[in-house]
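Here are a few exercises to work through with the model open beside you. Try each one yourself before you read the solution.

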Amino acid sequence: MFISFEGIDGSGKSTQLVLLRDVLEQAGSTVVTIREPGATLLSESIREILLSNKQTITSTAELLLFSAARTQLVEKVIEPALEQGTLILCDRYVDSTTAYQGYGRMLDMENVTTCNRIATRGVMPSVTFFIDVAFEQAQQRMHFDTGAGEPDRMERAGREFFERVREGYLAIAQNEPTRMVVIDGARDRAVIHHDILAVLRERTSLPV
Ligand code: ADP
Ligand code: TYD
């Protein structure tokens with residue numbers, strides 16, 4: 001099974017992914033956790049280029065780079081793991097491209113959809129948790145995250161951009177309500193975690 005976590009930067013999705021991984025591992029499951037862009041040598045190199053503040057990148061180049069990083073990850077890591085029946089938890093996946101490049105950068109949605117189809121090779125998560133948090137709250141969380149350092153190239157995009165990204169996620173959730181679950185991320189970590197476990201108990205046979 002393949003589960004992804006989505007949200008704007010600083011929403012708390014990585015925190016939730018780790019909490020879920022710990023529960024699953026304690027229950028004896030083998031779990032592969034990956035982040036996007038990343039998790040293969042090529043995808044981590046592309047990540048460095050995409051997040052670096054050293055150069056400007058056009059929105060279309062950005063779309064193609066995220067897509068290249070994704071397709072390498074799908075073919076090298078996700079497909080083999082799924083074939084073995086391993087559980088995959090992914091910190092961001094294709095909805096990030098729809099939300100950030102489609103809604104955020106306002107690229108032509110048909111092109112975004114085409115890139116997404118090519119990059120995913122049709123591999124989609126069974127469940128996607130969208131951790132929904134307002135821009136201000138996400139900013140505050142990132143600000144208090146002492147390990148976070150300087151904002152990266154994407155994080156510098158500004159309020160209006162992130163508001164469009166959030167709208168994008170909400171639109172995806174509306175279009176695909178059976179896959180994408182909207183979780184109110186404004187609450188305490190433990191409460192959110194509890195909600196996520198409840199959804200998985202209802203929808204899957206995972207030992208949670
Ligand atoms: P993301 O992966 O979405 O960027 P993180 O999980 O790294 O977000 O969380 C960003 C920061 O917010 C971290 O410092 C984390 O400890 C903190 N955080 C995560 N969830 C919550 C929450 N529910 N309430 C308050 N702070 C949180
Ligand atoms: P990351 O540090 O992983 O962000 P976070 O911790 O908030 O998840 O950086 C990934 C950045 O790349 C983040 O700003 C979202 C962006 N992104 C896209 O714009 N499109 C994509 O397809 C993906 C996977 C990420």
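**Exercise 1. Find the partner that Glu79 pairs with in a salt bridge, and say where the two residues are along the chain.**

Solution. Keep in mind that this is a predicted model, so the distances below are computed from predicted coordinates.
- Start from the general idea: side chains of opposite charge can pair when their charged atoms come close.
- Now go to the carboxylate of Glu79 and look for a basic group: Arg121 is the partner, with the closest N and O atoms 3.1 Å apart.
- Check that against the cut-off, which asks for a Lys or Arg side-chain nitrogen within 4 Å of a carboxyl oxygen.
- Next, place the two ends. Glu79 belongs to helix 3, while Arg121 is in the loop between helix 5 (109–120) and strand 4 (127–132).
- The pair links distant parts of the chain, 42 residues apart.
- Run the rule over the whole model and you get 16 salt bridges.

**Exercise 2. Work out which residues are closest to ligand 2 and which helices help to build the shell around it.**

Solution. Begin with the neighbours, then move on to atoms and elements.
- The shell holds 14 residues, and the closest are Asp9, Lys13, Arg92, Thr97 and Gln101.
- Look at the oxygen atoms of the ligand: one is 2.4 Å from a side-chain N or O atom of Lys13, and an oxygen is also 3.0 Å from such an atom of Arg70.
- For a nitrogen atom of ligand 2, turn to Gln101, where a polar side-chain atom lies 2.8 Å away.
- How much of ligand 2 does the protein cover? It takes up 91% of the 550 Å² of accessible area that the ligand has on its own.
- Helix 2 (41–51), helix 3 (59–83) and helix 4 (94–104) each bring at least two residues to this shell, and helix 4 gives the most, with 4.
- Sort the shell by class and you find 4 nonpolar, 4 polar and 6 charged residues.
- Finally, the space that ligand 2 takes is the largest pocket.

**Exercise 3. Do the same for ligand 1: list its closest residues and find the element with the largest share of its shell.**

Solution. Follow the same route.
- Here too, 14 residues surround the ligand; Gly10, Gly12, Ser14, Thr15 and Arg187 are the closest.
- A backbone N or O atom of Ser11 is 3.2 Å from an oxygen atom of ligand 1, and a side-chain N or O atom of Thr15 is 2.5 Å from an oxygen of the ligand.
- Arg141 puts a polar side-chain atom 3.3 Å from a nitrogen atom of ligand 1.
- The protein covers 77% of the 570 Å² of accessible area that ligand 1 has on its own.
- Helix 1 (13–26) and helix 8 (189–203) are the elements with two or more residues in the shell; helix 1 has the largest share, 3 residues.
- The classes come out as 2 nonpolar, 5 polar and 7 charged.
- Ligand 1 sits in the largest pocket.

**Exercise 4. Find what kind of peptide bond joins Glu36 and Pro37, and look up the phi of Ala39.**

Solution. Know the usual case before you hunt for exceptions.
- Most residues other than glycine have a negative phi, and most peptide bonds are trans.
- Check omega between Glu36 and Pro37: at about -10 degrees, the bond is cis.
- Then check Ala39, which has a positive phi of about 80 degrees although it is not a glycine.
- Pro37 lies in the loop between strand 2 (31–35) and helix 2, and Ala39 is also placed in the loop between strand 2 and helix 2.

Conventions
Residues are numbered from 1 along each chain as its sequence is written. Chains are lettered from A and ligands numbered from 1 in the order in which they are written. This is a predicted model: local features need pLDDT of at least 70, side-chain atom pairs count only at pLDDT 80 or more; totals for chains, interfaces and linings use all residues. Side-chain values use heavy atoms; hydrogens and water are left out. A residue is near a molecule or strand if one of its heavy atoms lies within 4 Å of it. A polar contact is a pair of N or O atoms within 3.5 Å; within protein, one must be able to donate a hydrogen and the other to accept it, and residues adjacent in sequence count only if both atoms are side-chain atoms. Accessible areas come from the Shrake-Rupley method with a 1.4 Å probe; for residues, only the protein chains shown count as cover. On a 1 Å grid over the protein atoms alone, a cavity is a set of points where a 1.4 Å probe fits but cannot get out, and a pocket is an open set with protein on both sides within 12 Å along at least five of seven lines; lining residues have an atom within 4 Å of a point. A molecule sits in a cavity or pocket if more than half of its atoms lie within 2 Å of its grid points. Ala, Val, Leu, Ile, Met, Phe, Trp, Tyr, Cys and Pro count as nonpolar, Asp, Glu, Lys and Arg as charged, and the others, Gly among them, as polar.
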